[in-house]
Amino acid sequence: MRAVDAIMECLKAEGVDVVFGYPGGANLPTYDAFVDAGIHHVLVRHEAGAGHAAEGYAKATGKVGVAFGTSGPGATNLVTPIMDAMMDSVPVVFFTGQVRTELLGTDGFQEADTIGLTMPAVKHSFLITDPRELPRTIHEAFHIAGTGRPGPVVIDLPQDLSKVDIPYEPITDVHLPGYQPRTTGNQKQIRQAARALASARRPVIYAGGGVVLGNASEELRALVREGGFPITCTLMGLGAYPAPDPQWLGMLGMHGTRAANYAMDEADLICAIGARFDDRITGKLSEFAPRAKFIHIDVDPAEISKNIPAHIPIVGDAKQILPRLTDEYRALEADRPRLDAWWQRIRTWQERHPLAYEPAQDGGIKPQSVIEAIYTVTGGEAIICSDVGQHQMWSAQYYHYPEPRRWINSGGLGTMGFGLPAAIGAQMGDPERTTVVVTGDGSIQMNIQELATIRQENLPVKVVVLNNGYLGMVRQWQELFWQERYSHVEMNTYGGEDAFPDFVKLADAYGIRGLRLTNAETLEDDLRAAFAAEGPAFIDVRVTRNEKVYPMIAPGEAARDMVG
Ligand SMILES: Cc1ncc(C[n+]2csc(CCOP(=O)(O)OP(=O)(O)O)c2C)c(N)n1
């Protein structure tokens, strides 16, 4: 069988039902194989779209996403999603075409050193030199991408090798002696952690994206409820614990709630699960949680004590460790009233500092109110795919995620242009659920061409642009930290009729229903109608222009010094 046909067989054996990609000279043989493969291939309009769509699919389903691109510019266009998948631990296998082997290293047409270019951004990569190795390599790639700490794997396939005939047999067992993720966790350390939790007076559970990736949300809930602990999640962890819930403090970090950040500041014990103490969480590291001891549970040993020294490290899979931690804790029969004073303190912060914003004076639409309206209209049941900027932070603050995998965003790399293609993947992975893109007028223009993909696949994705005419998040920083010296952040001058592009017309050009919302009073009804109509929709919401995301830990400051 041709090597390229073997690729298709391997994909089917891995249970792949949809892939995203873009053809070119170097991967032409692979595209020939798609003709007969019976695999749903989605033709995106830019390879970055393929990579982010594969990420969105993986984030929504928990399965391994797949993206294809050709050599040279196709592969370099995949570099951003590869890095994005690395930063957010997203399992994606990227297939790149490569020039013929005799041309390797000659600066041949459309040649790029894909393995070299992506080396620091992958979990693993393979350059195929013997096509007979291809099937095994593909199964190994899926195994590596999806197990342990998930991540991107690149398979670079020279064009000539992809055309030869190879023997093909399905490979069911993958055995990689050098790759054995530790999953079970050390029982002694788990017991030690339970004891620490049982004696702490001001404990906080701090959950990250690892809980979502590890499908450990139920197990997290059990521990939090058993101990009556306060819980906060990172941006990546939203939905790991249901919001709103009395034990939920809201998100922590730069734009987290005061209650969550103050609780971390005063905690005597922090139990971090699948979280990496990112600088957006800790603020000034030397002043982060100065009174706390740390339990750190993570499947990746390299994360433990990377930023914060862990007193009780536990390497392993949260799904396996948390039930054992809960059992050990239960056996200790800790007395609950021990936490009464702590909860009283937390409740005071919550009452004093709820998430809130000023209503608009002039009848304009506040961006936060758009997120609240989306929450109401979708009953909290949608998948929200956000881009990067203020709208992302408002989507994190004002939409209350009841379940994991409903909140899809580029957390680590912070990639503008992520939201729309990610929604393509999410919608295909979970077709029954309403998928909403919340984006900004800046971010949407980074991958707006994927509207054509949405049209072609007839996906009922709803795109909501919080159009403030600015690169709002950058504007906010210039306003707060650069003495209002606004440098290149104004995207258009709406207020008059000269707003550009005209998103409604643009949507129309792509064959998608476009509408503009300017009336705060009818906002919710307008959104309800737009969401209820069949098919995709592109909704340009003109929001108040100078709004800021609050509260905020200023860069380099300590959490207790939050502003706003
Ligand atoms: C690819 C990329 N380039 C630049 C940035 C830096 N950046 C972060 S937020 C932001 C502004 C985003 O503006 P917009 O999408 O309009 O959203 P808003 O903040 O106004 O809600 C920029 C430029 C980025 N995150 N990604």
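**Exercise 1. Find how the shell around the ligand divides by residue class, and which parts of the chain supply it.**

Step 1. In this predicted model, the shell around the ligand is made up of 7 nonpolar, 9 polar and 1 charged residues.

Step 2. The ligand is surrounded by 17 residues, and the closest are Q390, H391, G414, S443 and G472.

Step 3. Turning to secondary structure, helix 16 (390–398) and helix 19 (472–481) each contribute at least two residues to this shell, and the largest share, 3 residues, belongs to helix 19.

**Exercise 2. Identify which residues have polar atoms beside an oxygen atom of the ligand, and state how much of the ligand the protein covers.**

Step 1. A polar contact requires a pair of N or O atoms within 3.5 Å, and the side chain of D441 has an N or O atom 3.3 Å from an oxygen atom of the ligand.

Step 2. Backbone atoms also take part: a polar backbone atom of Y470 lies 3.0 Å from a ligand oxygen, and a polar backbone atom of M473 lies 2.9 Å from a ligand oxygen.

Step 3. On its own the ligand has 590 Å² of accessible area, of which the protein covers 76%.

**Exercise 3. Determine how many disulfides the model has, and describe where C233 and C385 stand.**

Step 1. Two cysteine sulfur atoms must lie within 2.5 Å to count as a disulfide, and by this rule the count is 0.

Step 2. For C233, the nearest cysteine sulfur is that of C271, 12 Å away, so C233 is in no disulfide under the 2.5 Å cut-off. C233 counts as buried because its relative accessibility is 0%.

Step 3. For C385, the nearest cysteine sulfur is that of C233, 19 Å away, and C385 is likewise in no disulfide. With a relative accessible area of 0%, C385 is buried.

**Exercise 4. Locate the backbone features at P244, P551, F277 and E333, and decide whether F277 and E333 are buried or exposed.**

Step 1. As background, most residues other than glycine have a negative phi, and most peptide bonds are trans.

Step 2. The peptide bond from A243 to P244 is cis, with omega near -5°, and P244 sits in the loop between strand 8 (231–233) and strand 9 (248–251). The bond from Y550 to P551 is also cis, with omega near -5°, and P551 falls in the segment after strand 18 (537–542).

Step 3. F277, which is not a glycine, has a positive phi of about 55° and belongs to the loop between strand 10 (269–273) and helix 12 (279–282). F277 counts as buried because its relative accessibility is 3%, under the 20% limit.

Step 4. E333 has a positive phi near 45° and lies in the loop between helix 13 (318–331) and helix 14 (340–352). E333 counts as exposed because its relative accessibility is 70%, over the 50% limit.

How values were computed
Residues numbered from 1 in each chain as written. Predicted model: local features only at pLDDT ≥ 70, side-chain atom pairs only at ≥ 80, totals over all residues. Heavy atoms only, no water. Near = heavy atom within 4 Å. Polar contact = N/O pair within 3.5 Å; in protein donor to acceptor, adjacent residues only side chain to side chain. Areas by Shrake-Rupley, 256 points an atom, 1.4 Å probe, with all protein chains shown as cover. Helix = DSSP H or I, 4+ residues; strand = E, 2+ residues; numbered from the N terminus. Nonpolar A, V, L, I, M, F, W, Y, C, P; charged D, E, K, R; others polar. Buried < 20%, exposed > 50% of the residue type's maximum accessible area, 1.4 Å probe, protein only.
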